[in-house]
Amino acid sequence: MIDSPPPTLVAAPAGEADLTWLRMVAHRVRDTPGAFLAWLEEILGDEEAVRAAAKRSYWHPNGFAKMVLHASADFRIRLHVWPESEEPSRGESNPHSHRWEFASAIVAGEGLHMVEYRETTEVGKAHDRYRYGADPANPAALLADGEARLAVEKTPHVRRGDVYACDTTVVHTVRPIAAGLTATVVIQGPHRTGTTVVYCEPGQTDDQPNGELTEADFRDLVGAVAKAVASCP
């Protein structure tokens, strides 16, 4: 089964997969699209690899696919895909942080619009705060953790050809800049914290189950990304 990325694309970390190493891999994905394309085509040609990747992937409740192309104790490589659409997707519209560091490269579409936030005591918009990963019986549950006000700190645009790096302290939202196919390769490091934070606007439900991503979905989406990478000069 073809699961591990080729050494020409990802050289194994000499030690821990820290943010510097994750950023280096994201730059390599950006700078060697031919190697990345060849790996996608190899995965699509391996039925067992497609089956395994589809099982560990899912549809986000806001309508985009999170597909895990490679998973190991050291790092993961994920492909996030917003399919063709007439209107830009909502993306990940709830401000949130991550339990791990990551670096990402846009490989299809115009790019992503990020908004980074910080908690404040006086200004900003009111939110309900939740902890993800805090319930041992259900790690995917969101547990209420009080209220908070959020103020916008930065609004970076990450376009095709850019690399975005993020540590566990950043709280952000992510959405495609434009309608149409958008895809980003996320190089994810090991868990740094046991829980992470998610903010919802008052009255918004915290029940947002993931959807099943089928093998057919996986083939269609990865195939569309491969076509977009191949057509880029």
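Q: In which sense do strand β6 and β11 pair, and over how many bridges?
A: In this predicted model, β6 covers residues 111-120 and β11 covers residues 171-176. One bridge sets Glu-116 opposite His-172, and another sets His-113 opposite Arg-175. The two strands pair in the antiparallel sense, over 6 bridges.

Q: Which residue of β9 is the bridge partner of Leu-112?
A: Strand β9 spans residues 157-159. β6 pairs with β9 in the antiparallel sense over 3 bridges. The partner of Leu-112 in β9 is Val-158.

Q: Which residue of β8 is the bridge partner of Glu-119?
A: Strand β8 comprises residues 142-154 and runs antiparallel to β6. The two are joined by 5 bridges. In β8, Glu-119 is partnered by Leu-150.

Q: How many residues of β6 are buried?
A: A residue counts as buried when its relative accessible area is under 20%. β6 is largely enclosed by the rest of the structure, because most of its 10 residues meet this criterion. The number buried is 8.

Q: Is strand β11 mostly covered or mostly open, and how many of its residues are buried?
A: β11 pairs with β6 over 6 bridges and with β4 over 2 bridges. The strand, residues 171-176, is mostly covered. Of its 6 residues, the number buried is 5.

Q: Which residue of β11 stands opposite Glu-92?
A: Strand β4 consists of residues 92-96. β4 and β11 pair in the antiparallel sense. Opposite Glu-92 in β11 stands Val-174.

Q: What is the strand order of the open sheet of 7 strands?
A: The pairing in this sheet is antiparallel. β10 (163-166) and β14 (211-212) stand at its edges, each with a single partner strand, so one side of each is left without a neighbour in the sheet. The order is β10-β5-β12-β3-β2-β1-β14.

Q: Which residue of β12 stands opposite Arg-76?
A: Strand β3 takes in residues 76-82, and strand β12 takes in residues 182-191. These strands pair in the antiparallel sense over 7 bridges. Facing Arg-76 in β12 is Gln-188.

Q: What is the radius of gyration of the protein?
A: The secondary structure comes to 4 helices and 14 strands. For 233 residues the globule rule gives 17 Å, and the value for this protein is close to that, so the protein is as compact as a globular protein of that length. Along its principal axes the C-alpha trace spans about 50 × 40 × 30 Å. The radius of gyration is 18 Å.

Q: What share of the contacts with a separation of 6 or more comes from residues 24 or more positions apart?
A: Contact here requires heavy atoms within 4.5 Å. Glu-215 and Val-50 are one pair in contact. Residues 24 or more positions apart account for 81%.

Q: How much surface does the protein expose?
A: Of the 233 residues, 47% count as buried. Carbon and sulfur atoms supply 49% of the exposed surface. The total exposed is about 11100 Å².

Q: How far apart do the centres of the positive and negative side-chain sets lie?
A: The protein has 23 positive and 33 negative side chains. The comparison is made between the centres of these two sets. They lie apart by 3 Å.

Q: How far apart in space are Glu-215 and Lys-55?
A: Glu-215 has its place in helix α4, residues 215-231, and is partly exposed at 36% relative accessible area. Leaving aside neighbours within four places in sequence, Glu-215 is in contact with Val-50, Arg-51 and Ala-54. Glu-215 and Lys-55 are 160 residues apart in sequence, and their C-alpha to C-alpha distance is 8.1 Å.

Q: What distance separates the C-alpha atoms of Thr-168 and Ala-179?
A: Thr-168 lies in the loop between β10 and β11, with a relative accessible area of 24%. Beyond four places in sequence, its contacts include Trp-100 and Arg-192. Thr-168 and Ala-179 are 11 residues apart along the chain, and their C-alpha atoms are separated by 29 Å.

Q: How far apart in space are Leu-143 and Val-158?
A: Leu-143 lies in strand β8 and is partly exposed, with a relative accessible area of 34%. Among its contacts beyond four places in sequence are Arg-129, Tyr-130 and Asp-135. Leu-143 and Val-158 are 15 residues apart in sequence, and the C-alpha to C-alpha distance is 31 Å.

Key
Residues numbered from 1 in each chain as written. Predicted model: local features only at pLDDT ≥ 70, side-chain atom pairs only at ≥ 80, totals over all residues. Heavy atoms only, no water. Buried < 20%, exposed > 50% of the residue type's maximum accessible area, 1.4 Å probe, protein only. Pairing = 2+ DSSP bridges. Rg over C-alpha atoms; globule rule 2.2 N^0.38 Å. Areas by Shrake-Rupley, 256 points an atom, 1.4 Å probe, with all protein chains shown as cover. Lys, Arg positive; Asp, Glu negative; His and termini not counted. Charge placed at Lys NZ, Arg CZ, Asp CG, Glu CD.
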